[in-house]
Each structure stands twice: as structure tokens, then as C-alpha cells.
Amino acid sequence: MTLQPGQISALRQVTCLVTCQAGENIDQQIGAALQTLTTELGAKAAAIYWQEGERLTCRYQCPAEYVHDQHTQRRLSRPVRLNQVIRPVGNVFWLAVPMRVGGQALGRLWVLCNPGRFLSAAEQELLLLAGNQLALALENARMCREINHLAERRGALLRRLIDLREERGRSLARELHDEVSQSLVALLIDVDTIYAADPTAAATLQPHLERLRTGVLRITDEISRIVQDLRPSLLEDLGLEAALRRYASQRLQSSGTAIHVHLAGQPGRLTPHVETAIFRIGQEALSNVARHAQAANVWVDLVCDDGARTLTIRDDGVGFDVRSILERPWGMQAVGLIGMQERAEQIGGRVVIESSSGAGTLITAILPLERACDDG
């Protein structure tokens, strides 16, 4: 069946209303599409009956104030013959065509003609095509709602995972501080007691005792560093910028690496899980510089722009082959790099790692800007 130019134009308008304006409200789109159809067909009213459970309900109608008689409403709401065109019995002329997606009928598009008006075969074909377009738009809207709902649930679960991971870190930090650190302090006290109890024996054992003391002090310092890594109290107390500055200084102090920190456009505190993710990514990147880079300089830049925070950490060290490291995920360096990427992905961001042998390393983390509270 060949559509007339006016009918092709009407179908194009309907298609554009429900596909070319994805940002619009779906209810407004469908309402405008039904208005276009009633105008083109010279119809008195139009409606969409959409399947919900075992019945069809009137989801949309034009004009909004039109009232269906009970007999027509009963016929349209029954799923019987849903895949077929149905017509009334009697002098009143209306037509209900199936609305299909992928060959499956999900609803009915109904049109009521003005008295004495009958739809031609071409107009009925237009109605069928428009019904399929409207069905596709409604099904796409439903899937978008489901995707958004799943994305919200996924985001909530990922934030919960981050919170649990951080809580586990805090718990482990407490155990290290309260138990292991205290045991090491007690061991140092025992060494001092040996000196006080028997100076002569202590003098004989002095080289061994000094090695023991030095080892205990070194382990104590390492445990303090681990506790700080597990529980970033600086982040909680001073905020992200101060925590990054302090951590970079403390972590790279012994290596002699010069630290250059630049912060721009900072909007204030973010939600805790976003701040924690940014800090952890920076923490891992700076630790990699301290362990592997042999760098003379490291540059830390944290800027806020276009609804995102971008953290870049660049060094002029020895660099490495990113692909070969990531292809060996059991290595500690690979674990750290993958961990940074996973943390960013968990809050809707991404991490890009660029490096090559002898050319230093650039790590760029782009993360969503989620404020802890509104200004003021």
C-alpha cells in the first residue's frame, strides 16, 4: 500500500517526535505524536492501550478529556486478538491496530473517527506503522528506566563495597596499632630492661641488642606507615588536597624526589567515597613512584573542570612497559595499577596510564564531581 505525501510527512513527524527527541519527556512525546495522528486522520480521538500484566490499560489519549464508553473500553482492554486489527459493531467507526516490537504485540493504538468519516486502506497502513513506532518508543523508555534503575543499584552497591573495604582497612589499622605496635614497644622496653638489670651482660650483648633495637624501630616505622595507608586520618581531618600534599611529602621524602603540587578550581569537600577513591588512586601512584620510578621530580595536579575532577601524577623516572606489566596481573605493580583503574570505575570514572622505558610515567584519573553538600 502506497502512502500519500501528507501521510508520509505525518509518519515522519511521529517518528521524529518519539526518536529524535530522546531528551524530552516520553509522555510529552507520545502526546504530541497522538495529536499529529488525529490531525492527519481527521480523527475525533486517539488512545494507546498498553499491556500491563494480564490486561491492557489506557496509558495515553488525545484529547486528554475524552471519556471512553464502557463497552469500547472493555474491548480494548482485553488482550484477546491483540495481534489483530479490531473494529466496533454498529455505526460508530473506530479502529484499533496492534502495536508491535519485534513482531510481538504489546499494545493497541486506537483511533475514533468523526461521524461519517472512514479510514482508507492507506490511512490504516499509516496507523499500523505509527503504532509500531510508538510501541518501540515506549519499550525503549521502559528499558531506559530499567537501565537507570540498575545503574543506580550498581552505584549504591559499589559505594557500599568501597565503604566496606575502607572499614576493613580501618579495622586492620586498629589491630596493627593496638596489638602489633604495642608488642613492639614492649619488646623495646625489654631491651632497655636488660641494660638496666645486668649492665655487664648487656655490654657483651650490645651489638646484638642494638641490631634488635634498630630492627624493632624499623618495623615500628613501617607499621606506622602501613597504618597511615590503611586509615588516612589526614583525609578525614584535613581534606583531600592537604592529605595528598602530606602523603606525597612523607612517602617521597626518603627518596629525595622533588615534589611539585598544583591544585586549581577546587569546589570544597566531596562525598566521602569519591574523596577516598581519589586519595587512594593518588596514594597508589605516589607509592609506585617511591618504589619503582627512581625519579628526580614528581608533579601532582588536581583540577576541577566540566563536572569532573582530574588528578594527574607525572614523574621523570625510568618508566615501564604498561602492556607487559598489565599482562602479568599477579605482579605487585600490576595489582596496584589494576586497583587504581577499578577504584575509578567504581565511581563512574577512569584511569589512563601512559609510560615507556626511560620516558617517565603519567597517570591521569578523571572522576565525577559529586559534592558532599550544596554551597552555603
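Me: Buried means under 20% relative accessible area, exposed means over 50%, and partly exposed lies in between (1.4 Å probe, protein chains only). What makes R291 partly exposed?

Reply: This is a predicted model, in which local features need pLDDT of at least 70, side-chain atom pairs count only at pLDDT 80 or more, and totals for chains, interfaces and linings use all residues. Residues are numbered from 1 along each chain as its sequence is written, and side-chain values use heavy atoms, with hydrogens and water left out. R291 has a relative accessible area of 44%. That value lies between the two cut-offs, so R291 counts as partly exposed.

Me: Why is the contact of R291 with E284 called a salt bridge?

Reply: A salt bridge needs a side-chain nitrogen of Lys or Arg within 4 Å of a carboxyl oxygen of Asp or Glu. The side chains of R291 and E284 meet at 3.3 Å, N to O. The value is within the cut-off, so the name applies. E284 has a relative accessible area of 21%, so E284 is partly exposed. Elsewhere, E139, R142 and E146 are joined into one network by salt bridges that share partners. The structure holds five salt bridges.

Me: How do you know that E52 and R59 form a salt bridge?

Reply: Their closest N and O atoms are 3.2 Å apart, and this satisfies the limit for a salt bridge. E52 has 39% relative accessibility and R59 has 31%, so each is partly exposed.

Me: What makes the salt bridge of E241 and R309 a tie between separate parts of the chain?

Reply: The closest N and O atoms of E241 and R309 are 3.2 Å apart. E241 belongs to helix α8 (residues 240-252) and R309 to strand β7, so the pair ties together parts that are 68 residues apart in sequence. Helices (H or I, at least four residues) and strands (E, at least two) are DSSP runs, numbered from the N terminus. E241 and R309 are both buried.

Me: How do you know that β1 and β2 pair?

Reply: Two strands pair if DSSP finds at least two bridges between them. Strand β1 (residues 43-52) and β2 have seven bridges, in the antiparallel sense, so they count as paired. One of the partnerships is that of W50 with T57 in β2.

Me: Why are β2 and β3 called edge strands?

Reply: The open sheet has four strands in the order β2-β1-β4-β3, with antiparallel pairing. Strands β2 (55-62) and β3 (94-101) each pair on one side only. From one strand to the next, the twist averages 25°.

Me: What makes α3 a helix that packs on the sheet?

Reply: Helix α3 (residues 70-77) touches β1, β2, β3 and β4, where contact means heavy atoms within 4.5 Å. The direction of α3 makes about 155° with that of β4. Axes are lines fitted to C-alpha atoms, for helices over the stretch in contact, and angles run from 0 to 180 degrees between N-to-C directions. Helix α2 (residues 26-41) lies across β1, β2 and β4 (104-113), at about 70° to β2.

Me: How do you know which strands pair with β6, and in which sense?

Reply: Strand β5 (residues 258-264) pairs with β6 (residues 297-305) in the parallel sense over seven bridges, with V261 opposite V300. Eight bridges join β6 to β7 (residues 308-315), and these two run antiparallel. Here V303 stands opposite T310. Both counts reach the minimum number of bridges, so both pairs qualify.
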